[in-house]
Amino acid sequence: MSVPQAAEGLARSASSSTIDAPETRRQSDELGPVNEKSMEQDKQAGRSRVDVEQAQQDYDPHPDGGLRAWLVILGCAAATCATFGLVNAWGVFQAYYQETLLKGTNPSTIAWIGSIQYALIFLPGLVVGRIFDMGWTKVPLGAASAVIVAVTFLTAECTEYWHFLLCQGIAMGLSCGVIFGIVMGVPAHWFKHRLGFALGIMAIGSSVGGTCFPIAVRNLVQHVGFKWTMRILGFIELAFLGLQLATVERRLPPKKHSGPFFDLSAFKSPQFSLYCCSSFMAFLGIYTVLTYIDVSAESKGINVNFSFYLLAIANACSAIGRLAGGLLSDRLGPLSVMTPATFVAGILTYAWPFANSIASNVVVAIIYGCASGVYVSLLAAPVVRMGKTHDVGVRIGMSMTVVALGAVAGPPISGAINASTGTYTYTGVYAGSAVMVACCFMLATRIAIIGKIWGKC
């Protein structure tokens with residue numbers, strides 16, 4: 001190659017490099033942000049995977065025991081004793097108000113205090129369950145506990161019907177509902193394979209309260225009067241709720257919600273909808289016997305001093321059913337235990353109006369207490385198993401709201417049937433039939449879950 005040709009080649013090469021350099025830099029500048037963005041996304045994805053893996057490592061294994069987990073259950077039992085147990089003692093207040101403080105007021109009007117209180121313990125579940133899933137536990141428990149203690153002391157000063165309705169009906173009912181809605185979801189954070197047993201122990205608290213509170217109120221009123229009776233109850237509530245506040249807490253991190261506050265998508269599940277129908281039907285009749293067993297016994301000539309204790313006997317025996325039902329449900333599945341127990345409760349509801357002697361009423365109270373205790377203690381267990389743990393509060397809350405509708409309608413319907421017929425026979429037929437329909441819905445739920453009637457469910 002000649003010198004001029006070499007020089008021309010070098011010049012052409014230099015010119016090409018000079019022309020291509022800006023283009024290369026321009027492509028590099030255009031791809032740079034894209035590459036950096038891609039790298040940042042990869043880093044974030046990596047961090048997300050690490051966070052998820054770490055969360056799964058830290059939270060997925062349920063302790064299923066241990067001191068901390070059992071302390072949580074102890075606190076939940078104390079909470080159910082102070083809330084559901086006190087609500088179950090309404091009958092003794094109803095009788096006392098009719099005889100003294102609200103004498104002359106229609107008994108059905110007074111009964112609305114107890115009905116509202118009873119319904120409100122379930123009704124807030126839809127809101128409270130969502131709040132629980134968002135990570136709030138101590139604040140709502142503390143606020144509701146303070147209100148319960150305050151209105152218990154205020155009830156001692158009530159003199160008019162609307163005073164009692166506001167304090168003991170609405171304020172007490174809503175506060176108990178906030179606490180009850182939260183403690184129903186907490187055990188699922190700590191127990192999985194032994195969840196039924198844990199729920200059974202927790203439910204014993206309401207049996208203790210339902211047994212002891214009526215006896216305590218009846219005897220204290222006779223010795224120290226109504227005002228000091230309520231003050232003593234206030235201090236008892238303070239002790240139980242203080243224990244609850246010190247021990248009850250969630251274990252899993254809160255769920256980040258991006259949807260609406262009320263998420264009703266769970267009702268798209270046939271299993272969940274069928275089970276909610278069974279709960280609604282059950283509560284139309286499941287508490288009829290416990291509401292009227294002492295009154296019906298008295299109407300048949302049984303001494304009032306004994307008939308009063310029939311409710312206490314039933315509540316005490318329900319503790320046996322709650323504990324046994326919890327143990328069996330861990331082995332056989334909650335629906336496998338609840339369905340036959342509810343069937344027995346339905347049969348006893350049919351038989352209850354025909355119990356005319358002390359012995360027959362005691363037998364009904366014992367068997368019915370055990371059977372209904374199984375059902376009530378495991379009420380939330382199937383709902384827990386119908387989804388993930390992180391949104392268990394919402395599912396339980398929605399099911400409890402449906403329960404509230406049955407709870408508020410059941411006793412008035414039973415009372416209306418009794419008032420129109422003058423006998424408890426048709427009341428028993430109505431309540432027993434409602435419980436039997438609930439059993440049919442439970443069987444339908446089993447089939448929807450496992451595809452057959454028999455099997456662990």
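1. In this predicted model, the largest cavity has a lining of 13 residues, and those nearest its centre are Phe-180, Met-184, Ala-203, Arg-322 and Val-376. The space inside the largest cavity comes to about 120 Å³, and the structure as a whole holds three cavities of 30 Å³ or more.

2. Turning to the elements around that space, α10 (195-247) and α15 each contribute at least two residues to the lining of the largest cavity. The element that gives the most to this lining is α10, which supplies three residues.

3. The largest pocket should be read separately from the cavity, and its volume is about 1,400 Å³. A total of 43 residues line the largest pocket, and Trp-90, Gly-91, Gln-94, Thr-291 and Val-295 are the ones that lie nearest its centre.

4. Several helices take part in the lining of the largest pocket, since at least two residues each are supplied by α4 (90-99), α5 (107-120), α10, α12 (288-299), α13 (304-332) and α17 (392-421). Within that lining α4 gives the most, with eight residues. A reader tracing α10 through the model will therefore meet this helix twice, as it supplies at least two residues to the lining of the largest cavity and at least two to that of the largest pocket, under the run-based numbering of helices from the N terminus.

5. On the surface, a nonpolar patch of about 610 Å² is formed by Phe-343, Val-344, Ile-347, Tyr-350, Val-363, Ile-366, Ile-367 and Val-429. The elements that give two or more residues to this patch are α14 (334-351) and α15 (358-377), and the largest share, four residues, comes from α14.

6. Which helix holds Phe-343, one of the residues of the patch? Phe-343 lies in α14. Its relative accessible area is 45%, so Phe-343 is classed as partly exposed, because that class covers values between the 20% limit for buried and the 50% limit for exposed. Membership of a patch asks for over 30% relative accessible area, and the 45% of Phe-343 satisfies that part of the requirement.

7. For the chain overall, the secondary structure consists of 18 helices and zero strands. Of its 457 residues, 48% count as buried, while the area that the chain exposes is about 20,500 Å², with carbon and sulfur atoms supplying 67% of it.

8. As for how the chain comes together, among contacts with a separation of 6 or more, 85% are accounted for by residues 24 or more positions apart.

Note on methods: Residues are numbered from 1 along each chain as its sequence is written. This is a predicted model: local features need pLDDT of at least 70, side-chain atom pairs count only at pLDDT 80 or more; totals for chains, interfaces and linings use all residues. Side-chain values use heavy atoms; hydrogens and water are left out. Patches are made of residues with over 30% relative accessible area and no salt bridge: like charges are joined within 9 Å, nonpolar side chains (Val, Leu, Ile, Met, Phe, Trp, Tyr) within 5 Å. Accessible areas come from the Shrake-Rupley method with a 1.4 Å probe; for residues, only the protein chains shown count as cover. A salt bridge is a side-chain nitrogen of Lys or Arg within 4 Å of a carboxyl oxygen of Asp or Glu. Buried means under 20% relative accessible area, exposed over 50%, partly exposed in between (1.4 Å probe, protein chains only). Contact means heavy atoms within 4.5 Å. On a 1 Å grid over the protein atoms alone, a cavity is a set of points where a 1.4 Å probe fits but cannot get out, and a pocket is an open set with protein on both sides within 12 Å along at least five of seven lines; lining residues have an atom within 4 Å of a point. Grid points are joined across faces, edges and corners, and a volume is the space filled by probe spheres set on the points.
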